[in-house]
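Student: Could we go through this one together? I'd like to know what stands behind each label.

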Amino acid sequence: MFGKKTDNENSEFSSEEPVSNEVVEENENFESATQNTSVSLKPSIISEGFEFTGDMKSGGSITVDGTFKGNLTVQNLLIGTGGFVDGTVTADSINVKGNLSGTVSCRDLVIGGRATVDGALSYSSITIQRGGTIKGDLKRK
């Protein structure tokens with residue numbers, strides 16, 4: 001195969017299998033390259049009608065239009081008007097248009113006009129639009 005002549009020249013396929021370390025070396029190079037470079041993550045979405053229960057971690061953004069229950073650690077969190085998040089949330093920025101309850105730690109917190117937030121909130125800056133509701137403990141970092 002590939003220019004090598006075998007004992008049986010009439011056969012299209014060789015019984016000898018080529019041995020190559022190239023694939024392994026390429027995979028090792030790919031893995032080390034992806035570890036050394038900063039990867040831009042695509043935003044994730046939990047759609048309306050979808051319920052997720054468990055723990056989730058991401059260096060990117062997530063939009064919750066459905067229901068999330070559990071521990072959530074992300075860079076940016078957007079809770080849509082129909083979204084509901086219940087649990088322990090750690091994020092750089094959180095924008096709430098729906099419902100958020102539980103223990104929250106973030107740098108920037110924006111609470112929309114129709115949002116409801118209930119729980120222990122720890123933040124560096126907070127913005128509450130007219131009509132937004134907060135119930136619980138507020139602690140500025």
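**Labels and their cut-offs**

Tutor: Sure, start with contacts: leaving out residues up to four places away in sequence, Gly-54 touches Phe-68, Lys-69, Gly-70 and Asn-71, where contact means heavy atoms within 4.5 Å. This is a predicted model: local features need pLDDT of at least 70 and side-chain atom pairs count only at pLDDT 80 or more, while totals for chains, interfaces and linings use all residues. Residues are numbered from 1 along each chain as its sequence is written, and side-chain values use heavy atoms, with hydrogens and water left out.

Student: Why does Gly-54 count as partly exposed?

Tutor: Its relative accessibility is 23%. Buried means under 20% relative accessible area, exposed over 50%, and partly exposed is in between (1.4 Å probe, protein chains only), so Gly-54 is partly exposed.

Student: What makes Phe-68 buried or exposed?

Tutor: Phe-68 has 0% relative accessibility, so it counts as buried. Phe-52, at 24%, is partly exposed.

Student: Why is the pair of Phe-52 and Phe-68 called stacked?

Tutor: Rings of Phe, Tyr and Trp (its six-membered ring) pair if their centres lie within 6.5 Å; planes under 30 degrees apart count as stacked, over 60 as edge-to-face and the rest as tilted. Here the centres are 5.2 Å apart and the planes at 10 degrees, so Phe-52 and Phe-68 are stacked.

Student: What does the pair of Phe-52 and Phe-68 tie together?

Tutor: Parts that are 16 residues apart in sequence, because Phe-52 lies in strand β2 and Phe-68 in strand β4 (residues 67-79). Strands (E, at least two residues) are DSSP runs, numbered from the N terminus.

Note on methods. Helices (H or I, at least four residues) and strands (E, at least two) are DSSP runs, numbered from the N terminus.
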